[in-house]
Amino acid sequence: MKVEAKILLGLGLFFGLMCAVYWNWSLENAGGVMMFAAMLLGFLPGSYYYWWSRRMKARPEDDPNATQEGSAGVVGAFPGTSIWPFTLGMGAFFVVLALVFGIWFLVPGLALVVWAMIGGTAEGRRGGHV
Amino acid sequence: MTDVLHPPLDLAGEDHGHDEHHGPTGILKWLTTTDHKIIGLSYTVTAVVMLVIGGLFAEIIRGQLASPNGSLVSLAQYNELFTMHGSVMIYLFAGPFAFGALANIIVPIQIGAPDMAYPRLNALSYWLYLTGSITMLLGFFTAGGAANFGWVAYAPLSNSINTPGAGADLWIGGLLLTGFSAIFTGVNLTATIFYLRAPGMTMFRMPIFTWNMLVTAILILLAFPVLTAGLIMLYADRHFGTHIYSVAGGGVPVLWQHIFWFWGHPEVYILALPFFGMVTEIIPVFSRKPVFGYKGMVFATLSIAALSLGVWAHHMFTTGVVLLPFFSIMSLLIAVPTGIKIFNWIGTMWRGQIWFSTAMLMAIGFVVTFLIGGLTGIYLASPPLDFFTHDTYFVVAHFHSVVMALVLGGMAGLYYWGPKITGYLLNETIGKIQFWFLFIGTQVFTIPLYILGLQGMPRRMAVYPHDPQWQTLNDWSSFGAVLIGLSTLLFVVNIAVSWKKHPAGDNPWDAHTLEWFTTSPPPHHNFYRLPQIRSERPTWDYNHPEHRALAHGKHTEEDKGHS
Amino acid sequence: MPNFGVTKGVTTNSSSVYHLWQGFSVGAAIIGAFVIALIVYAVVRYRRKGDVIPAQTQYHLPLELIYTIVPILIVFALFGATLVVENKVVANPKTSVVVDVNAFQWGWKFAYPGSSAVVVGQTTQDPVMEIPVNTDVHINLTSTDVIHGFYVKEFNFSRYALPGVVNQFTIRAVNTGTFFGQCTQLCGLYHSLMFFKVKVVTMDQYTAWLNSFQNTGAAQASQTATQQQTSSHVQSKITASSGAN
């Protein structure tokens with residue numbers, strides 16, 4: 001996990017330097033704030049990965065001499081077919097249409113969104129289809 | 001190296017002995033799928049439909065510009081046309097095709113993963129993309145027409161006084177949906193690449209396409225939330241009485257440009273990096289050599305991403321309110337990593353055994369066209385030169401060179417990976433004819449536009465009554481656009497003619513990377529078995545163990561301690 | 001040396017910009033030709049012959065360093081040249097000739113502080129900004145509504161007219177004559193027709209022209225306007241802005 005951490009930390013450092021130069025030189029706040037936020041986006045996950053990479057056990061994908069047996073077993077949870085992404089998507093669609101065509105679109109929109117959140121979470125807890 | 005048959009990966013207890021999958025069929029299967037291959041295919045089809053829609057708008061624009069006082073469309077309709085042409089092409093075709101279509105299908109199989117890390121989120125991304133596209137296009141059916149303020153929607157033109165009407169709000173709403181679609185894809189790609197690589201596939205053994213998609217995903221996470229925030233503020237100004245972008249309320253119109261372009265410049269690299277990655281897969285395969293300068297490519301990609309966050313105001317040089325030298329030097333510098341990539345592509349071909357499949361022709365066409373577009377971009381990085389080319393056809397020509405290069409790269413990707421995804425080869429003869437129409441059409445389309453820009457023709461002009469002498473070059477450019485349209489038609493013909501004709505087999509191109517080890521199309525959860533991974537070319541190593549990559553300088557075939 | 005599509009223009013800055021363009025173009029032409037030659041050579045020379053698998057060379061560090069460092073040096077040279085010309089173009093030396101340019105949907109108003117000269121016109125009325133030759137002319141550019149672009153091809157220059165901001169730049173014309181300008185930043189329905197002209201005359205002619213406004217005042221402004229069908233929205237803008245600034 002070290003390479004991943006270094007990529008994010010490296011980007012964060014570069015953005016931080018760029019922010020320092022830019023903000024002090026231009027005194028322009030919008031760009032300064034946005035670059036500062038970019039720096040945080042590099043440092044936050046990057047430092048987590050760095051901290052975690054020193055504590056985790058070696059993963060087969062980080063081991064240049066790994067064999068396939070090394071990762072036999074469960075790789076992850078991959079919910080198969082699910083109606084909830086479509087439901088949530090349609091809900092979001094109606095919510096956005098409410099921005100344009102009137103607040104009453106929020107009724108079907110939020111209903112679908114809430115239904116999908118509940119259904120999707122329950123499906124996730126159950127393990128879903130595979 | 002010994003034989004590499006291994007027991008299959010065990011995924012959540014599923015038995016791979018039989019691949020029957022009892023699940024929904026037909027339209028319900030499509031609505032409920034979470035399989036990255038089907039989602040990616042949906043993205044591809046939708047994106048190509050958007051390409052055709054955007055292309056139709058382009059042909060109407062060219063028709064209007066065929067004479068100095070064209071009356072094919074009204075002034076108002078023309079403003080809608082170029083706004084929606086740009087919007088559809090950038091937001092609804094190029095972006096989703098770049099990171100939602102081929103990346104969705106290919107990245108998991110390039111790294112040996114059974115699917116993306118969050119399959120349901122992946123499906124949600126597609127539905128948000130589809131509904132977002134519909135939302136934006138719904139503008140055409142409203143009384144005031146579709147959005148008409150340019151694909152960049154500058155304030156104050158985009159406020160509710162200057163652009164009342166639902167078309168603008170539908171444009172904003174559509175982008176909110178597609179923006180979240182992109183952000184979720186960014187999350188998914190990053191998590192997949194960080195967590196689901198096969199054993200032995202260290203970061204520096206990933207294919208360059210996967211590297212590019214990782215960096216693209218990080219750029220998406222950096223940039224898209226900024227656009228989303230800016231859009232919400234625009235909507236608030238339009239409907240909630242805020243004055244963020246209007247002078248009257250103490251706001252600053254130029255703030256919109258800072259926010260928009262802080263997203264907008266990384267966006268063009270979000271569009272470009274996936275195609276760079278595709279071409280970096282194709283050129284080595286059809287030169288029968290590994291990619292030249294793998295680590296240099298990774299470094300160049302990371303540099304492009306880093307620098308791209310610091311150049312946004314080169315789109316704002318003529319505002320008079322930005323720090324010119326900072327953005328100038330950063331924009332000039334970003335040419336350097338792009339140059340490194342071009343030299344590495346040439347180095348890959350150098351002393352190779354090049355064969356000119358359609359995919360390879362398209363890839364080489366991409367390199368040449370991107371070179372032209374990239375060189376003209378360097379002029380634009382110099383503020384004094386930008387002052388008089390900004391908002392003229394010179395800029396239009398520059399970015400059309402670059403995006404047509406991306407189209408060539410996308411076609412390369414489709415011809416290369418199409419057989420892997422569908423299981424069938426496309427017709428190479430038709431493909432090569434398509435290539436020549438596309439490549440020549442691109443140059444015939446763009447070169448007159450460069451000249452027109454330097455002759456003073458501004459962009460977003462429906463008519464040019466003061467300068468009838470511009471008609472000749474406009475007509476040449478339109479002829480190029482017709483050639484491009486014909487090439488798209490040839491592509492559709494090729495798909496029809498090749499439908500289920502020639503089975504591709506696992507590896508028709510003798511290609512190098514992991515996806516070519518599995519069947520075409522790949523089975524459910526992608527792999528029955530995986531080879532041992534000891535380099536960035538696991539399939540090549542398996543098929544040609546005596547020709548594994550050499551360190552520089554050595555011309556023997558002996559493998560000296562290469563791990 | 002070829003002009004690479006650009007002309008010297010009619011101001012002191014426009015010819016500096018022109019020379020910078022030529023310099024960039026020479027560089028671009030050399031680099032472009034070199035890289036295309038490499039590609040063409042590779043594509044011809046290394047065409048597949050049979051089923052041989054070539055040497056699997058992966059990298060060459062010295063070569064890669066060269067084509068990293070040399071482009072960086074080229075970039076710094078281009079930047080240096082850019083800075084020299086940029087400083088000239090953005091300079092605002094003290095001068096007594098000042099024009100307040102006001103862009104609006106969809107026309108231009110030119111006012112001359114210190115006199116009562118005002119010229120205003122919309123779309124194809126082509127309002128004319130008259131300025132003296134061989135003199136630094138300081139322009140204060142702003143907009144009363146949306147963003148517009150002040151562009152004169154012969155000046156090799158353009159600048160945004162921003163609402164709430166006064167952009168200042170200086171022009172020193174070296175030739176007399178009349179030069180076309182138009183709006184280059186999308187500003188709504190009649191953006192394609194937002195024309196104006198710049199008329200460069202001798203200092204004597206300019207002074208006489210300025211003085212002619214003393215007698216007839218703002219009425220002079222509408223002399224340059226021809227009958228034109230306009231929307232009431234635009235009409236009210238003209239009556240509102242044709243008074244003192």
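## Exercises on a two-chain model

We're working with a predicted model: chain A averages a pLDDT of 92, and 95% of the residues score at least 70.

**Exercise 1.** Find which elements of chain A have the lowest and the highest mean pLDDT.

*Solution.* Start at the bottom: helix α4 (residues 106-126) of chain A has the lowest mean, 94. At the other end sits α3(A), with the highest, 97.

**Exercise 2.** Describe the side of chain A that touches chain B: how many residues does each chain put into the contact, and which element of chain A gives the most?

*Solution.* Step one, the head count: 53 residues come from chain A and 56 residues from chain B. Step two, the elements: those giving two or more residues to chain A's side are α1 (2-26), α2 (29-53) and α3 (84-101). Of these, α3(A) gives the most, with 11 residues. Step three, the chemistry: chain A's side splits into 34 nonpolar, 13 polar and 6 charged residues.

**Exercise 3.** Now stay inside chain B and work out how helix α3 (residues 75-111) packs on helix α7 (residues 253-287).

*Solution.* First, the geometry: the two helices of chain B pack at an angle of about 40°, and their axes are 8 Å apart. Angles under 35 degrees would count as roughly parallel and 65 to 115 as roughly perpendicular, so α3(B) is oblique to α7(B). Next, the handedness: α3(B) passes α7(B) in a left-handed crossing. Then pick out the residues that meet: α3(B) brings Ala94(B), Gly95(B), Ala98(B), Phe99(B), Leu102(B) and Ala103(B), while α7(B) brings Ile270(B), Leu271(B), Pro274(B), Phe275(B) and Met278(B). Finally, sort them by class: this contact has 10 nonpolar residues, 1 polar and no charged ones.

Conventions: Residues numbered from 1 in each chain as written. Chains lettered and ligands numbered in written order. Predicted model: local features only at pLDDT ≥ 70, side-chain atom pairs only at ≥ 80, totals over all residues. Contact = placed C-beta atoms within 7 Å. Helix = DSSP H or I, 4+ residues; strand = E, 2+ residues; numbered from the N terminus. Nonpolar A, V, L, I, M, F, W, Y, C, P; charged D, E, K, R; others polar. Axes fitted to C-alpha atoms, helices over the stretch in contact; angles between N-to-C directions. Parallel < 35°, antiparallel > 145°, perpendicular 65-115°, else oblique. Left-handed = near helix turned anticlockwise from the far one by under 90°. pLDDT = per-residue confidence, 0-100.
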